[in-house]
Amino acid sequence: MTSLDPRSAVVAALREIAPELEPDEIDDADRLRQDLDLDSLDFLRLIEQISKATAVDVPERDYPQVATFGGLVAYVAAHQT
């Protein structure tokens, strides 16, 4: 597990995938694919980055739970060991 809190871990992963995003402008309700304009490959790379940074695996069946920024932060927080 990383020393980053879940929100910081998600922001750091997003910066790797989409460096043009401004973290201060991201709302918890923002949808990763539609509002933050991540395509399907970017989304999968984001999930991979989260797994590397936090050791939290997100199985495909849980993708609806992590469709928003806030949902992904909450998922990471709930699944950290």
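## The buried side of helix H1

In this predicted model, helix H1 keeps a good share of its residues out of reach of solvent: Pro6, Ala9, Val10, Val11, Ala13, Leu14 and Ile17 are buried. What do the buried residues of H1 pack against? Their partners are helix H2, residues 40-54, and helix H3, residues 69-79. As a general reminder, an α-helix has 3.6 residues a turn, so residues three or four places apart point the same way.

Ser8 also belongs to H1, but Ser8 counts as partly exposed because its relative accessibility is 30%, which falls between the 20% limit for buried and the 50% limit for exposed. If you would like a ruler across the model, take Ser8 and Arg45: they are 37 residues apart in sequence, and their C-alpha atoms are 17 Å apart in space.

## Length and start of H1

H1 runs through residues 6-17, twelve in number. From its first C-alpha to its last it reaches 17 Å, close to the 16 Å expected at 1.5 Å a residue.

Have a look at the start of the helix, too. There, a side-chain oxygen of Asp5 comes to within 3.1 Å of the backbone nitrogen of Arg7.

## Helix H3 and its cover

Turning to H3, its buried residues are Phe69, Gly70, Gly71, Leu72, Val73, Tyr75 and Val76. H1 and H2 are among the elements that cover them.

## A cavity beside H1 residues

How many cavities of 30 Å³ or more does the structure hold? There is one, and the largest cavity contains about 30 Å³ of space. Its lining is made up of Val11, Leu14, Arg15, Leu21, Pro23 and Ile26. Two of these names will be familiar, since Val11 and Leu14 are also buried residues of H1.

By character, the lining of this cavity divides into five nonpolar residues, no polar ones and one charged. Arginine counts as charged, so the charged member of the lining is Arg15.

## Positive phi in two loops

Most residues other than glycine have a negative phi. Against that background, two loop residues deserve a friendly second glance. Asp37, in the loop between H1 and H2, has a positive phi near 60°. Asp37 counts as exposed because its relative accessibility is 63%, over the 50% cut-off.

Ala55 sits in the loop between H2 and H3. Its phi is positive as well, at about 65°, although Ala55 is not a glycine. With 55% relative accessibility, Ala55 therefore counts as exposed.

Definitions and conventions:
Residues are numbered from 1 along each chain as its sequence is written. This is a predicted model: local features need pLDDT of at least 70, side-chain atom pairs count only at pLDDT 80 or more; totals for chains, interfaces and linings use all residues. Side-chain values use heavy atoms; hydrogens and water are left out. Helices (H or I, at least four residues) and strands (E, at least two) are DSSP runs, numbered from the N terminus. The expected span of a helix is 1.5 Å times one less than its number of residues. Buried means under 20% relative accessible area, exposed over 50%, partly exposed in between (1.4 Å probe, protein chains only). Contact means heavy atoms within 4.5 Å. A polar contact is a pair of N or O atoms within 3.5 Å; within protein, one must be able to donate a hydrogen and the other to accept it, and residues adjacent in sequence count only if both atoms are side-chain atoms. On a 1 Å grid over the protein atoms alone, a cavity is a set of points where a 1.4 Å probe fits but cannot get out, and a pocket is an open set with protein on both sides within 12 Å along at least five of seven lines; lining residues have an atom within 4 Å of a point. Grid points are joined across faces, edges and corners, and a volume is the space filled by probe spheres set on the points.
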